[in-house]
Amino acid sequence: MIFYAGDMVLEPVRDVFNGPKNSVLICRDLRSPVGAHYTLLAVRDRILAKRLISIFENSERVLPEGASPYVACFTQNELLCYLFEYREERKIGLFAPGQINSAKAWESVCVNLVLECLSSSIPFPLLALSLEPDNVHLEKDGAIFFTHYYDLTRLSEEADESVCARRCVELMLSLLETRGRLKSAELMRKKLAKNAFRSLPELYRDIKVTELPEKKKLTAHVKGMWRRNRDRLFTALLVACVIVAIFAVIVLLSQLIFGNIPILRIFERCFDVIGLRSLR
């Protein structure tokens, strides 16, 4: 089935999910010169379609003017379709064991996960679905991104920011394999047990306050010392060069005027003969 969204002609190239109420497809834009790909969320259930429209229209997320959480929204036949950007998957469950090899790396990924949630324009009920492990992906540099492979039978309009914060914590703790006690992880466990998370900024502050201090590498330390002291070192080197130049001029003038260099006599053996006695 070919989908038409504005100037785009979308050809499905992969079925990601096919459920009783919605499907998720990866589509290629046949009119794109670079073969752009998109994620297509197709809703066939009318009641669910109305709920989804309401969720997007009544979203609590504050968006910049002209911004939208999706690329396009359109209907085709009896389907309500939402089009999202597509990115090649790197599921966090598959790549985290190889990339998260220290407590500091784990905390860094946790921070990136919360930041991605804060910057996302997706309404909280859908963000809660995005925080399922199969929809969370880990870049090589530790950055996080979400995919929109939703089973909308699990959609809850009651899922708010606190639900998203809890799902963040649950995902973070499931990735923690390092031994020893981490203050950030301990705080997460305690607050999760008390259901105390209320917002994503609160979770971000908890991680940043308790995270391990970053160890500076030797090269970075040396570079820092150079940047801080380079003016002083340059001044000291300039003074040393001036002193050497003055000494050289004095030696040259002594050689020209006296035929020798008096200052060098201090290095000669001047006390070999004293009066009538010789020390040899």
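How much area does the protein expose, and what share of it do carbon and sulfur atoms supply? In this predicted model, the exposed area is about 18100 Å², and 56% of that area comes from carbon and sulfur atoms. The secondary structure consists of 8 helices and 10 strands. The protein has 280 residues, of which 39% count as buried. When contacts are restricted to residues at least 6 apart in sequence, 61% of them join residues at least 24 apart.

The largest nonpolar core holds 57 residues. Within this core, the residues that touch the most other members are W106, L152 and M172. For M172, the contacts beyond its neighbours within four places in sequence are W106, C110, L113, V114, M188, L203 and I207. A second core, separate from the largest, comprises 15 residues, including F3, A5, C27 and C81.

L175 belongs to helix α5, which spans residues 161–175. L175 counts as buried because its relative accessibility is 15%, and the cut-off for buried is under 20%. With neighbours within four places in sequence left aside, L175 is in contact with I92, A96, I100 and W106. W106 also appears among the contacts of M172. The C-alpha atoms of L175 and P97 lie 7.8 Å apart in space, although 78 residues separate the two in sequence.

Two pockets were examined. The largest has a volume of about 320 Å³. Its lining is made up of 18 residues, and those closest to the centre of the pocket are E116, S120, I122, F146 and H148. Two or more lining residues are contributed by each of strand β6 (79–85), helix α3 (103–119) and strand β8 (144–146). By residue class, the lining of the largest pocket divides into 8 nonpolar, 7 polar and 3 charged residues.

The second largest pocket contains about 210 Å³ of space. Its lining consists of R14, V16, F17, E89, K91, E132, D134, N135, Y149, Y150, D151 and R154. Of these lining residues, 7 are charged, 4 are nonpolar and 1 is polar. The charged residues of this lining include R14, E89 and K91, while V16 and F17 are among the nonpolar ones.

Notes
Residues numbered from 1 in each chain as written. Predicted model: local features only at pLDDT ≥ 70, side-chain atom pairs only at ≥ 80, totals over all residues. Heavy atoms only, no water. Helix = DSSP H or I, 4+ residues; strand = E, 2+ residues; numbered from the N terminus. Buried < 20%, exposed > 50% of the residue type's maximum accessible area, 1.4 Å probe, protein only. Contact = heavy atoms within 4.5 Å. Areas by Shrake-Rupley, 256 points an atom, 1.4 Å probe, with all protein chains shown as cover. Core = buried A, V, L, I, M, F, W, Y, C linked by side-chain atoms within 4.5 Å. 1 Å grid on protein atoms, 1.4 Å probe; cavity = no way out; pocket = protein on both sides within 12 Å on 5 of 7 lines; lining within 4 Å. Points joined across faces, edges and corners; volume = space filled by probe spheres on them.
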